[in-house]
Amino acid sequence: MTYDLLIGDRSYSSWSLRGWLMFAAFDIPVRVTLAEMYDPGFHPTVERWSPGFRTVPLARTEEGAVWSDTLAIAEGLAEAHPEAGHWPADPAARGLARSMAALMHSGFGALRSACPMNLRVAWRGFAPDDAVRADLATLEALWARARAMAGDGPWLFGPYGAVDAMFAPVAMRIAGYGLPVGPEARAYVDAHLAHAPLRAWRAEGEAADRTLDVYDMGLETAPFPIQP
Ligand SMILES: N[C@@H](CCC(=O)N[C@@H](CS)C(=O)NCC(=O)O)C(=O)O
């Protein structure tokens with residue numbers, strides 16, 4: 001079974017990254033179509049894939065079912081590929097993983113709006129305000145709670161799971177904006193920076209060579225910590 005996935009610009013679309021990782025990090029074949037963000041054709045393309053929806057990512061199965069939204073993609077794939085391990089097998093760990101993925105989906109608004117994902121550059125001199133620091137404190141506490149339940153492996157519950165795909169863009173923000181986190185959280189960020197699928201995604205975004213000025217923070221830049 002090969003799926004189709006509609007994504008936005010790889011360097012900037014954090015939700016597309018999450019959706020794509022739900023396939024790529026679990027060795028599930030996927031054919032990607034790019035809809036360039038801020039282009040007049042973007043929303044009409046999304047609507048053609050799934051009338052009434054306006055955002056990427058969108059996944060389509062060979063049978064024509066469409067999953068809009070990263071959580072729908074995670075649940076659709078977990079149902080179709082139970083052996084892939086999107087969620088932890090242990091019920092308590094699975095409950096926490098699902099809760100954390102849901103919180104990532106609906107929360108951390110301060111961090112998300114102050115630090116848009118940008119995989120093309122790192123920013124120097126970004127000063128997080130109290131709201132961003134509070135989001136980071138929540139993240140660190142939840143990550144530590146998950147790691148306390150983790151089996152073998154560097155990810156939140158040991159092996160890579162859907163919850164790690166949900167947090168991958170946050171890890172990229174911590175790396176790219178130099179956000180202050182403790183050593184445990186930093187180790188988790190470093191695991192994402194070294195993750196082969198994420199590196200491949202970033203390299204493809206670089207190759208697209210399309211810089212969107214709307215994501216310019218007006219700060220001094222440095223090379224992004226993952227190098228090709
Ligand atoms: N909750 C959605 C969020 C998707 C989302 O906001 N995607 C952005 C790109 S990163 C988008 O398509 N924006 C276009 C728009 O909002 O019109 C998900 O989980 O997939």
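Biologist: What makes the T70 and ligand pair a polar contact?
Modeller: Keep in mind that this is a predicted model. In it, a polar side-chain atom of T70 lies 2.6 Å from an oxygen atom of the ligand. The cut-off for a polar contact is an N or O pair within 3.5 Å, so T70 qualifies at 2.6 Å.

Biologist: How do you know that H43 and D69 count too?
Modeller: Same reasoning. An N or O atom in the side chain of H43 is 2.6 Å from a ligand oxygen, and for D69 the partner is a ligand nitrogen, at 3.1 Å. Both values are within 3.5 Å, so both pairs are polar contacts.

Biologist: How much of the ligand does the protein bury?
Modeller: On its own the ligand exposes 520 Å², and the protein buries 73% of that.

Biologist: Which pocket does the ligand take up, and which elements give two or more residues to the shell around the ligand?
Modeller: The ligand occupies the space of the largest pocket. The elements that supply two or more shell residues are α1 (14–24) and α2 (42–49). There are 13 residues around the ligand, and S13, H43, V56, T70 and H105 come nearest. By type, the shell splits into five nonpolar, six polar and two charged residues.

Biologist: T45 is in helix α2. Why is T45 called what it is, buried or exposed?
Modeller: Buried, because its relative accessibility is 18% and the limit is under 20%.

Biologist: And what makes F108 stand out?
Modeller: Its phi is near 55°, a positive value in a residue other than glycine. Most residues other than glycine have a negative phi. F108 sits in the loop between α4 (91–106) and α5 (109–114). With a relative accessible area of 6%, F108 falls under 20%, so this loop residue is buried.

Biologist: D209 has a positive phi as well, near 50°. Why is D209 called buried or exposed?
Modeller: Exposed, because its relative accessibility of 61% is over 50%. D209 lies in the loop between α9 (196–208) and β6 (220–223).

Biologist: What about G161?
Modeller: G161 is in the loop between α6 (130–147) and α7 (162–177). It counts as buried because 6% is under 20%. G161 is 56 residues from H105 in sequence, and their C-alpha atoms are 15 Å apart.

Biologist: What kind of peptide bond joins V56 and P57?
Modeller: A cis one, with omega about 10°. Most peptide bonds are trans. P57 is found in the loop between α2 and β3 (58–60).

Conventions: Residues numbered from 1 in each chain as written. Predicted model: local features only at pLDDT ≥ 70, side-chain atom pairs only at ≥ 80, totals over all residues. Heavy atoms only, no water. Near = heavy atom within 4 Å. Polar contact = N/O pair within 3.5 Å; in protein donor to acceptor, adjacent residues only side chain to side chain. Areas by Shrake-Rupley, 256 points an atom, 1.4 Å probe, with all protein chains shown as cover. 1 Å grid on protein atoms, 1.4 Å probe; cavity = no way out; pocket = protein on both sides within 12 Å on 5 of 7 lines; lining within 4 Å. Sits in = over half its atoms within 2 Å of the grid points. Helix = DSSP H or I, 4+ residues; strand = E, 2+ residues; numbered from the N terminus. Nonpolar A, V, L, I, M, F, W, Y, C, P; charged D, E, K, R; others polar. Buried < 20%, exposed > 50% of the residue type's maximum accessible area, 1.4 Å probe, protein only.
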